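Colleague: Could you take me through this one before I set anything up? I'd like the cores, the cysteines and a pocket.

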Amino acid sequence: MTFDLARIGDGLAFAAALDDLGAALDASSAVVVSSPPGTGKTTLVPPLLASRTAGRVIVTQPRRVAARAAARRLAQLDGSPLGTRVGFTVRGERSVSRDTRIEFVTAGVLLRRMLDDPGLDGVDAVVIDEVHERALETDLLIGLLGEVRELRDDLALIAMSATLDAARIAEVIGDPAPVLEHTVPAHPLTERWAPSPVPRLDERGVTRGFLDHVARTAASGARELATGDTLVFAPGAWEVAEIARRLRDEARGFDVRELHGQIPAAEQDAVIRGRAPGAEPRIIVTTSLAESSLTVPGVRLVVDSCLSRFPQRDSGRGMSGLVTAGAARSSCVQRAGRATRQGPGVVIRCVDERTYAAAPARPTPEIATADLADAALLLACWGAPGGTGLRLLDPLPSDALGEAQTVLHDLGATDDDGRATTEGRALARIPVDPRLARALIEGTELVGAELASGVVALLGGDIRVPDADVAAAIVALRGGRGPDARRWAEEAERLRRFAPASRGSGRNGRGSAAETPAASETGAPGAPTLHSSGRNGRGSAAETPATSETGAPGAGRRGGVDDAGLVIGLAFPGRIARRVEQTADGAVFLLASGTRAGVRGPLAGAEWLAVADVARASGRAAAGSGALVRAAAVISEEHVERAADHLITDRVDAEFVNGRVAARRERRVGAIVRSSVPVRAAADEGRAAVERALHRDGLGVFTWSDAADQLRRRLALLHRAIGSPWPDMSDAALADALDSWLSPEIDALATGTPAGRIDLASALRRLLPWPAAVDFDALAPERLEVPSGSRIRIAYPPADDPTARPVVAVKLQECFGWAETPRLAGGREPVLFHLLSPAGRPLAVTDDLASFWSGPYAQVRAEMRGRYPKHPWPEDPWAAAPTRHTKNRAAREG
């Protein structure tokens with residue numbers, strides 16, 4: 001039985017484009033569809049495909065609430081019960097049957113389903129909706145489906161969005177795929193600006209003053225609105241709740257509703273259905289969920305905070321988290337468009353025009369900012385480590401990918417070649433971050449399935465953690481009755497089914513999760529089981545269970561949550577932290593990864609914490625550390641050793657400082673120093689410290705005597721002028737040849753001899769090449785004998801200056817009798833003379849005495865004869881010999 005497209009499409013603008021879409025599908029099995037929000041493409045394209053094929057049509061949505069809502073809407077228009085012809089599958093909820101023709105899913109569900117069914121047997125078409133959001137899972141799905149279609153040319157693929165880079169999408173999914181652009185006449189939109197008198201954001205996030213401003217603006221605008229409902233955009237569920245609470249006080253006579261992914265499905269449906277005839281006008285406060293994923297009927301006024309929340313990776317600290325910042329202009333345009341879907345509308349933006357113009361044009365693709373551990377594991381399981389061979393809209397950033405692959409290798413999820421291991425495939429089937437999946441599996445053995453699944457459910461969800469205290473939050477959730485408590489309990493119960501059999505049954509004494517496996521949201525039954533011995537081959541968790549006095553893991557103490565820190569530590573051992581500074585507002589903790597972060601509230605007094613979430617921050621809350629802990633639990637030092645055993649070191653660190661070897665024995669957890677005491681370095685440790693200092697700081701760590709420096713300069717000149725066999729005297733060459741000339745001295749330093757007592761001249765003589773060394777003093781003498789009989793010291797150039805010349809500073813009269821300039825290095829290197837007056841003042845500089853005698857000497861002679869009449873100034877100095885008086889004088893002065 002086909003779908004009645006005429007009935008389903010009654011009143012939907014996209015119905016006019018169905019014939020064009022059918023023609024495009026006749027020409028190509030891959031099509032790109034671009035159409036404004038609210039035109040009906042999500043409702044009409046799937047039944048069109050179902051009417052053309054015999055198999056199932058899969059439609060992906062970036063959010064669970066959108067998948068559920070779209071399925072309910074289409075089933076209602078089709079007149080069939082939900083779960084029969086039209087169904088949905090999202091995390092923790094599934095409503096399908098054997099006869100289901102159209103199934104709405106989140107992108108993550110389809111990705112994990114493809115790991116078990118890479119050929120998508122029984123599926124004839126896939127629709128990827130909301131591609132413009134550039135969610136990470138959507139981008140990955142495009143790459144994987146492209147590879148599937150190389151083997152299945154019958155699989156139809158449609159990429160849809162309200163606004164997208166159609167040409168780029170078409171190039172990736174086809175060769176290229178045809179693009180169907182459907183436009184509808186736009187109703188007039190009036191733009192207003194209502195900038196806040198207080199800042200929108202501070203170091204803690206959205207300010208309460210700004211939330212007050214948004215609520216007042218929405219209440220005032222709703223009162224002015226003659227007809228229709230008001231839609232208010234906030235960055236997250238907490239801000240939605242806060243604005244809604246204020247509106248219920250300020251906007252009497254209005255039906256204030258919340259719309260986001262955390263409220264029950266029934267409440268979501270009530271908002272999406274629209275206002276009943278005669279009912280009070282509504283003010284709906286929502287997140288970006290209503291930008292394009294959901295259509296709220298009856299809206300004529302949009303109040304936009306112009307804020308957005310998105311995942312961002314902090315490459316400097318190697319961690320990721322949610323960041324609140326100004327929304328991209330394209331997102332703001334989509335939000336405003338919700339006011340003009342059914343007629344003229346108004347948008348009030350809670351910023352000024354300059355701030356709006358300075359916002360980025362488009363949101364950054366999530367693939368460029370998010371943590372990639374989950375994505376890298378999925379790609380490894382697919383057989384394309386790092387995305388190799390896949391056609392992706394953007395490549396995975398190399399730095400973030402490298403960090404993710406290191407995480408997976410440390411978890412035992414991938415081998416040395418980046419391929420998924422058996423353990424990695426088991427982790428991939430658990431729909432949480434692979435680090436949390438590992439914590440669920442190992443934590444179940446240590447503390448029981450109830451606490452392990454409860455902690456993972458909290459960390460993997462979007463529930464706020466008051467005072468950053470995970471253990472206290474779990475206690476509150478266990479006793480709570482609100483929507484947060486209900487969602488957390490449902491998620492924890494779902495995760496419990498993925499946990500392996502444990503030796504304890506948890507606080508309630510229930511049987512292990514493995515005894516009652518349930519079908520996962522991908523449709524594949526059974527829970528994964530790990531057979532590894534833990535990270536890096538350490539003993540299994542069952543060898544050291546943390547049982548309480550009652551015998552049940554996790555039972556007793558503070559409602560069985562005192563071991564929450566161990567579960568967090570198993571997931572994020574690099575975030576185990578120790579208090580290093582107490583401040584007036586809290587404390588600063590040092591994480592094993594090397595990051596420092598501020599902690600406020602009750603956790604500030606703990607010695608050790610296992611940190612689940614830390615984000616960049618400034619101001620007093622971060623205490624100058626640049627980061628703030630947002631979720632953590634106290635962890636005992638015993639549990640630190642269990643969770644982070646691969647980060648624990650006990651070693652002697654020796655350093656060569658101030659001319660001596662100093663050593664300390666340090667016990668560390670990553671960057672955290674647990675203890676440090678001075679010790680005497682062993683010979684090999686001391687030698688390594690000296691060699692590190694030499695390679696790091698060069699030979700400047702020594703004090704060079706004049707004799708050693710002069711010897712090095714003489715050898716350097718011969719190496720420059722002659723080359724082999726004379727050794728290279730550069731810092732780099734000497735550092736590379738330490739064993740051949742400095743080994744005994746390094747051994748002496750390593751055992752405590754001060755650097756000042758090291759004779760480098762004797763060490764350098766080990767480099768003299770024999771038998772050529774016999775001629776060393778002749779080729780590079782220390783002193784040069786001049787015609788007067790004086791032996792003048794030669795100033796050799798520095799070893800690192802290849803252009804400088806050897807210099808002799810001598811009184812001019814002592815050179816009478818030299819017709820030519822003497823040369824060193826076997827005649828290869830002329831001496832540069834600094835000729836001086838009888839009083840020792842400079843007269844001339846030359847390396848060519850013959851030219852000097854025949855030219856400039858005449859002028860020097862004319863000037864100096866009158867000033868120094870007692871000294872000889874012959875006209876032919878090259879032929880003259882120094883007088884006895886000059887020789888004796890020179891002998892005294894030389």
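What follows is a short chat about cores, cysteines, a helix and a pocket.

Modeller: Please keep in mind that this is a predicted model, in which local features need pLDDT of at least 70, side-chain atom pairs count only at pLDDT 80 or more, and totals for chains, interfaces and linings use all residues. Residues are numbered from 1 along each chain as its sequence is written, and side-chain values use heavy atoms, with hydrogens and water left out.

Colleague: Fine. How many residues are in the largest nonpolar core?

Modeller: That core has 107 residues, and those with the most contacts inside it are Met114, Val126, Leu145, Ile173 and Leu458. Helix α14 (residues 373-382) gives the most to this core, with nine residues. A core here is a set of buried Ala, Val, Leu, Ile, Met, Phe, Trp, Tyr and Cys residues joined through side-chain atoms within 4.5 Å, where buried means under 20% relative accessible area with a 1.4 Å probe and protein chains only. Helices are DSSP runs of H or I with at least four residues, and strands are runs of E with at least two, numbered from the N terminus.

Colleague: And what does Ile173 touch?

Modeller: Leaving aside neighbours within four places in sequence, Ile173 is in contact (heavy atoms within 4.5 Å) with residues including Ala30, Val31, Val32 and Arg149. There is also a second, separate core of 58 residues, which includes Ala708, Phe776, Val786 and Val810.

Colleague: Switching topic, how many disulfides are there?

Modeller: Zero, taking a disulfide as a pair of cysteine sulfur atoms within 2.5 Å. For Cys332, the nearest cysteine sulfur, that of Cys306, is 4.0 Å away.

Colleague: Why is Cys350 not bonded to Cys306?

Modeller: Because its sulfur is 7.0 Å from that of Cys306, the closest cysteine sulfur, which is too far for a bond. Cys350 counts as buried, at 1% relative accessibility.

Colleague: Now α10, what do its buried residues pack against?

Modeller: They pack against α4 (64-78), β13 (255-259) and β14 (282-286). Among the buried residues of α10 (265-273) are Gln268, Asp269 and Ile272, and just after the helix Gly274 takes a positive phi of about 100 degrees.

Colleague: Which residues are closest to the centre of the second largest pocket?

Modeller: Thr43, Ala69, Arg73, Ile272 and Thr295, out of 27 that line it. The largest share of that lining, six residues, comes from α4.

Conventions:
Buried < 20%, exposed > 50% of the residue type's maximum accessible area, 1.4 Å probe, protein only. 1 Å grid on protein atoms, 1.4 Å probe; cavity = no way out; pocket = protein on both sides within 12 Å on 5 of 7 lines; lining within 4 Å.
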